[in-house]
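Me: I'm new to this one and would like a close look at a single part. Could you walk me through its salt bridges?
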Amino acid sequence: MLTDIEIAQQAKLLPIKDVAAQIGISEDELEFYGKYKAKLSDELANRVSSNPDGKLILVTAINPTPAGEGKTTTAVGLGQAMAKINKKAIIALREPSLGPVFGIKGGAAGGGYAQVLPMEDINLHFTGDMHAITAANNLCCAMLDNHIQQGNELQIDPRRVLFKRCLDMNDRALRNIVIGLGGKVNGIPREDHFIITVASEVMAILCLANDISDLKERLGNILIAYSYSGQPIYAKDIKANGAMTALLKDAIKPNLVQTLEGTPAIMHGGPFANIAHGCNSVRATKLALKLADYCITEAGFGSDLGAEKFLDIKCRYAGLKPNAIVIVATTRALKYNGGVPKAEVSNENLDALKKGIVNLGVHIENMRKYNVPVIVAINQFGTDTEAELNFIEEYCRQNGADFALSNVFGKGGDGGVELANKVVEACEKESDFTSLYDINLTIKEKIDAIAKNIYGASKVNYTTAAEKALSEIVALGGDKLPVCVAKTQYSLSDNPALLGAPKDFEITVRNLSLSNGAGFVVVYTGDIMTMPGLPKVPAAHSIDVNDDGTILGLY
């Protein structure tokens, strides 16, 4: 079979104005970035604001293998399949980060015959949103250090600077650095850190902001440091939020692209779900709901991460109510959860499948707690055997879960028709969406609700550093915010080695931080790195460009 990039490069793209016309968008409401991608204007958002909302479908997954299991591919294929059954649908996805593109996981534009295009642009620079977010973040850092250098009127304590620089690339050497060396003219020496752009609070703010005014206010509310006397210092105190907003004035506008089959797709924002809230932007999702009868969106990694944050953070702030939840499962991931090494997950192993399928059961049970209809999408791979697929289907029947076999990777929209019909049926059922926890609970009670009801933990422990950080957050009034747990994606626990459906385990909170502008408290568990590193053999080794400019080896 052709590689993803070969399939993408052989596709005949529609001019983006023609894709837009399918959903009633005029050429005047587009801001073009070449022939095949465009930003959607504020004028469009204002014009359709009174349109009725379509149905909202969330695509999530079980705990994946390190290679990923096709959640984005399923979301894209489902959108294509909706067109096959004559339903007006839009896909709303996150933008890829350059870190995984050049690292180990690859791109995030779908795969096989269920991709969004132009694939090379989307996986690389796209419309410059990631660069704008990086620039806005680092402008704030530069202004903070300049304030300290130029007299330090606010008496910022260099030992208590909280806001970190960022880069949209895996680069472990930048995790812990020292800046300001080289004498007085080069600044005040202090320890500093880099995080990957998709883990930054600026990324989260862009994805949660309703409009440019809300964006500027949220940026101003970022807690960047403490003074020598212990007073909080915010981005607005160093007058950084106006200039940061100027850098983001175009990045806040959602991007329109298309699938291999010409289905409209809005891609905007890109936070990771294991270290951030893992959802595309509120603006993109709300706009998609106004433009089509069905909006298909996804949240990063398994339902214990992305879906929980989508439902308890994004939906809470945006007033969204999903009509259906699709859980993507694969024989490969279930066998991995049954103890099979990654290199052997393509081999038939019914014993491992029986051990690992309990992971699917937990995800089904967890999503039902939100009172939304659930469908299991069995994402088919060429190495799956009939016995394995039959076993998963029978497990779903026994657990009262609706399901459909999906082969959108190999067949595009045609391979997702069964799933599309099941999703339409689910959207007609009653959805009485409710959040997992009351926002007025204490921070510890909210963490308990997630750890015990979603992960299955028996207890939550706190380090001394976490207790100290918690006290400071409460003192700043952050106790009434939702929580965003940074946790491994490979396990329901905070230990990536505990696969399947672990029981009687304890979660350890090693630290907390206040994302005051975004509006949530980040809870750090396990050994989660906010700046990933490259593997021994990064994907970048295989990426090249022909003499004619054609990109090779990009996933």
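Reply: Here is a walk through some of the salt bridges, starting with helix α3.

Keep in mind that this is a predicted model. Side chains of opposite charge can pair when their charged atoms come close. The structure holds 28 salt bridges, and one of them joins R47 to E29, with the closest N and O atoms 2.5 Å apart. R47 sits in helix α3 (residues 42–47), while E29 is in the loop between α2 (16–22) and β1 (30–32), so this pair ties together parts that are 18 residues apart in sequence. As for the surroundings, R47 is partly exposed at 43% relative accessible area, but E29 is down at 9%, and under 20% counts as buried.

Helix α3 also supplies D42, whose side chain meets that of R283 in a salt bridge of 2.8 Å, N to O. R283 belongs to helix α11 (residues 282–291), so here the tied parts are 241 residues apart in sequence. This time the Arg, R283, is buried, with a relative accessible area of 13%, whereas D42 is partly exposed at 33%.

For a pair within one helix, go to K452 and D448, where the closest N and O atoms are 3.6 Å apart. They are four residues apart in helix α19 (residues 443–455), which means about one helical turn separates them. K452 is partly exposed, at 40% relative accessible area, and D448 counts as partly exposed too, at 26%.

Finally, salt bridges can link up into a network, as they do for E31, K249, D250 and K253.

Definitions and conventions
Residues numbered from 1 in each chain as written. Predicted model: local features only at pLDDT ≥ 70, side-chain atom pairs only at ≥ 80, totals over all residues. Heavy atoms only, no water. Salt bridge = Lys/Arg side-chain N within 4 Å of Asp/Glu carboxyl O. Helix = DSSP H or I, 4+ residues; strand = E, 2+ residues; numbered from the N terminus. Buried < 20%, exposed > 50% of the residue type's maximum accessible area, 1.4 Å probe, protein only.
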